[in-house]
Amino acid sequence: MGDMTRPPSQPAHSATGQNADTAAGKNQHNAMGQSTANTANTQTERGFLDRYFHISERGSTVPGEIRAGVVTFFAMAYIIILNPLILGTTEDVEGNVLGIPQVAAVTALAAGVMTILFGIIAKYPFGFAAGLGINTLVAVTLVMGEGLTWPQAMGLVVIDGIIIVILAVTGFREAVFHAIPAAMKSAIGVGIGLFITMIGMVDAGFVRRIPDAAGTTVPVQLGIDGSIASWPTLVFIIGLLICGFMMVRGIRGGLFIGIVATTVIAVIVEAIAEAGPSVDDAGESHPTGWNLAVPAVPDSLGGMPDLSLVGAIDLVGAFTEVGALAATLLVFALVLANFFDAMGTMTALGKQGKLVDDAGNLPNLKKALVVEGFGAVLGGATSSSSNTVYADSAAGVADGARTGLANVVTGLLFLAAMFLTPLYEIVPMEAAAPVLVVVGVLMMGQVKDIDWDKFHIALPSFLTILVMPFTYSIVNGIGVGVIAFTMMSLFAGKAQKTHWIMWLLSGLFVVFFAIEPLRAIVG
């Protein structure tokens, strides 16, 4: 009876297996559904900002991005004071000056708009502001040297920007990024790190130029006559120690804390010592004073900005003033300076923030380059000079900035600075300079990626690294490095393995470095 009522083993096994498979399928389906639901819930929980800027994906947080964006602003804010001193006081051929308040307003406006746009579109934490080398080129070469009016000079800057945008849209700028060897990209990063460090030390008075009247062949010195003889420089040293402590202890937001703490110390020191500015209202020099901004609590919160310079450009005047060929050479110099200043900075910042791929290139690079090109257009249109990616934004990257949200914060602070000028002047350059030195230390780490055993790689890399800080120019360092790389490759019998774009760039840089004799020949 028992045997007859027991179902055959195989059918019984099949039925059991079928039920098991069905149950497993349901469980798998439920698990997949639950996983999908969890993913959807996670996406929802992350919030719009996190999803849009890929904050969690890049290992950051919203509070961290906001804090790092503030750090970037304070590391860059000096440009609102320095740019007006370069552009706002120079007379053009007609005797017109742009004016310090007006240039300060448009400098903050252009920096704010471009920084926000780059953050929203490119989604990288790279701040924008008027390029220091380029603004000097505009003031000294175009206006003082060539006799252009300010609208004519800014018209050339706009044309420069349009060309840069076209080169980016066509993909040429991206092709140049890919053509530059990995070792050279690392050298550019190290060079920019040393360049930033030099800026910090010079602006803090830790390193100073020895006057020609001293009759010495030594160009620079430590402090004043080899001593730390000023309160502002002492504040810088204290700030550097504070930032160093924060980095050693791994304190999150340490660089931000360092800037705030050093600023507080600077305000107290100034209240007691009354060091004053390094250059007073009468133009008298005071080496023991503060560089650019004197740290003190402001009496007022500012007022409405003067934006009368916006749109004051002449696109064709320069070509009629100095001739088409001479004006074309001037535009060429602007394009090359803009092109490689931004390229080198973006490469270095991307590597520092670990935002690049295995080949050392930024994802969505073309979009970032197109947006960057508009910085020159907007800079010229606002008479603030060409705006470009700022190496000083490495301070924010070092503090944890990984996405465009940090840029939005930095940009909003720039826009606020138009109305609240005295507030950002509380933070002296001596309080921000320690962060620049720390950034230089971090970027120096890329030197290990260079193969120093191969001389045809070592020499170009070495020259790239040294020429940037020694000549105060990212473009000069890249140019010398590119020329040296192609020549060393030729000597090493590797000319055919060198990308043709590198040879093209070498030729362009030869013209760039010979631009003054060429302009003299043109007349």
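These are brief notes on a predicted model, from the overall fold to the cores and a surface patch.

1. Overall make-up. The chain has 523 residues, and 50% of them are buried. Its secondary structure comprises 22 helices and four strands.

2. Contacts along the chain. Take the contacts with a separation of 6 or more. Of these, 79% join residues 24 or more positions apart.

3. Surface. About 22900 Å² of the chain is exposed. Carbon and sulfur atoms supply 65% of that area.

4. Main core. The largest nonpolar core holds 101 residues. Those with the most contacts inside it are Phe-118, Phe-126, Leu-156, Ile-192, Phe-340, Met-346 and Ile-478. Helix 13 (residues 324-352) gives this core its largest share, 13 residues.

5. Second core. A separate core has six residues. Among them are Ala-183, Ala-187, Val-190 and Ile-450.

6. Phe-118. Set aside its neighbours within four places in sequence. Phe-118 is then in contact with Lys-123, Tyr-124, Phe-126, Phe-128, Met-346, Ala-368, Val-371, Glu-372 and Asn-407. Two of these partners, Phe-126 and Met-346, are also listed with Phe-118 among the core residues with the most contacts.

7. Nonpolar patch. Leu-222, Ile-228, Trp-231, Leu-234 and Ile-238 make a nonpolar surface patch of about 400 Å². Helix 10 (residues 231-249) provides the largest share of the patch, three residues.

8. Leu-222. This patch member lies in strand 3 (residues 220-222). Why can Leu-222 count towards a patch? Patch residues need over 30% relative accessible area. Leu-222 qualifies on that count because its value is 37%, which makes it partly exposed.

Conventions: Residues are numbered from 1 along each chain as its sequence is written. This is a predicted model: local features need pLDDT of at least 70, side-chain atom pairs count only at pLDDT 80 or more; totals for chains, interfaces and linings use all residues. Side-chain values use heavy atoms; hydrogens and water are left out. Patches are made of residues with over 30% relative accessible area and no salt bridge: like charges are joined within 9 Å, nonpolar side chains (Val, Leu, Ile, Met, Phe, Trp, Tyr) within 5 Å. Accessible areas come from the Shrake-Rupley method with a 1.4 Å probe; for residues, only the protein chains shown count as cover. A salt bridge is a side-chain nitrogen of Lys or Arg within 4 Å of a carboxyl oxygen of Asp or Glu. Helices (H or I, at least four residues) and strands (E, at least two) are DSSP runs, numbered from the N terminus. Buried means under 20% relative accessible area, exposed over 50%, partly exposed in between (1.4 Å probe, protein chains only). Contact means heavy atoms within 4.5 Å. A nonpolar core is a set of buried Ala, Val, Leu, Ile, Met, Phe, Trp, Tyr and Cys residues joined through side-chain atoms within 4.5 Å.
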